[in-house]
Amino acid sequence: MHLAYPAVLAVLLFCTGLYGVLARRNAILVLMSVELMLNAVNLNLVAFDVWLRDTLHAGQSLTLFTIAIAAAEIGIGLAIVLLVYRNRGSSDIDLLRDLTEKAGETDGDTQQPQPDTKAEATA
C-alpha cells in the first residue's frame with residue numbers, strides 16, 4: 001500500500017477543517033470542522049500503523065482513544081453552544097467575546113427585584 005494516498009487525503013481533510021475553524025462564524029460549524037481535523041489525524045494514525053506493520057497496533061489504539069475524546073468534546077461543546085444559544089439567541093462566535101460583565105457596570109434595562117406585596121399584606 002502506498003502511504004501517499006491516505007497522507008494526501010488526510011492533508012486535504014485537515015486543511016478543509018482548518019479553513020472551517022478560521023472562516024466560519026457559527027459555533028456548530030466550527031465544532032464540525034474540529035471533528036474533520038480529528039478525523040484527518042485518525043486517518044494518518046491508521047495509515048502509518050499499517051505502513052509500519054506495528055505488531056502492537058499502537059496507531060489503531062490511539063485512533064480509538066481519539067474517537068472517544070472527540071465524542072466527549074462534541075457532547076460538551078454542543079451543550080455549551082445550546083446554552084449560549086438559549087441565553088443569547090445566537091450561536092455567532094463574534095458575539096461571544098463579551099460574555100463577562102464588568103464589576104462596576106450596571107445596565108439601564110435591568111430591573112430591580114420588586115417586593116412581594118402579598119407577603120407584606122399578610123404580615
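Visitor: A nonpolar patch joins nonpolar side chains within 5 Å, from residues with over 30% relative accessible area and no salt bridge. Which residues form the nonpolar patch on the surface here?

Guide: This is a predicted model. The patch has about 350 Å² of accessible area together. Helix H1 gives the most to it, with 3 residues. The residues that form the patch are Phe 14, Leu 18, Leu 22 and Val 41.

Visitor: Is Val 41 buried, partly exposed or exposed?

Guide: Val 41 is a residue of helix H2. Its relative accessibility is 35%. Buried means under 20% and exposed means over 50%. Because 35% falls in between, Val 41 counts as partly exposed.

Visitor: How many helices does the secondary structure of the protein chain come to?

Guide: Along the sequence, the protein chain reads α-α-α-α. The chain has 0 strands, and its helices come to 4.

Visitor: What share of the residues of the protein chain count as buried?

Guide: The accessible surface of the chain comes to about 9,600 Å², and 64% of that surface belongs to carbon and sulfur atoms. The chain has 123 residues, and the share of them that count as buried is 20%.

Visitor: Is Ser 33 buried or exposed?

Guide: Ser 33 lies in helix H2. Neighbours within four places in sequence aside, this residue is in contact with Gly 17, Gly 20 and Val 21. Its relative accessible area is 9%, so Ser 33 is buried.

Visitor: How far apart are the end C-alpha atoms of helix H3?

Guide: Helix H3 covers residues 58-88, which is 31 residues. At 1.5 Å a residue, these should span 45 Å. The separation in the model agrees with that expectation, since the end C-alpha atoms are apart by 44 Å.

Visitor: Which helix do the buried residues of H3 pack against?

Guide: The buried residues of H3 are Gly 59, Thr 63, Thr 66, Ala 70, Gly 77, Val 81 and Val 84. Their packing partner is the helix of residues 27-52, namely H2.

Visitor: Which residue just after H3 takes a positive phi?

Guide: Helix H3 covers residues 58-88. Just after H3, a positive phi of about 85° is taken by Gly 89.

Visitor: Which residue does the side chain of Asp 94 meet in a salt bridge?

Guide: Side chains of opposite charge can pair when their charged atoms come close. A salt bridge requires a side-chain nitrogen of Lys or Arg within 4 Å of a carboxyl oxygen of Asp or Glu. For Asp 94 the N to O distance is 3.1 Å, and the partner is Arg 25.

Visitor: How many residues apart in sequence are the parts that this pair ties together?

Guide: The side chains of Asp 94 and Arg 25 meet in a salt bridge. Asp 94 lies in the loop between H3 and H4, and Arg 25 in the loop between H1 and H2, so the pair ties together parts that are separate in sequence. The C-alpha atoms of the two residues are separated by 6.7 Å, while the parts they tie together are apart in sequence by a number of residues equal to 69.

Visitor: Is Arg 25 buried, partly exposed or exposed?

Guide: Its partner Asp 94 has a relative accessibility of 31% and therefore counts as partly exposed. For Arg 25 the value is 53%. Exposed means over 50%, so Arg 25 counts as exposed.

Methods: Residues numbered from 1 in each chain as written. Predicted model: local features only at pLDDT ≥ 70, side-chain atom pairs only at ≥ 80, totals over all residues. Heavy atoms only, no water. Helix = DSSP H or I, 4+ residues; strand = E, 2+ residues; numbered from the N terminus. Expected span 1.5 Å × (residues − 1). Buried < 20%, exposed > 50% of the residue type's maximum accessible area, 1.4 Å probe, protein only. Contact = heavy atoms within 4.5 Å. Areas by Shrake-Rupley, 256 points an atom, 1.4 Å probe, with all protein chains shown as cover. Patch = residues over 30% accessible without salt bridge, like charges linked within 9 Å, V, L, I, M, F, W, Y side chains within 5 Å.
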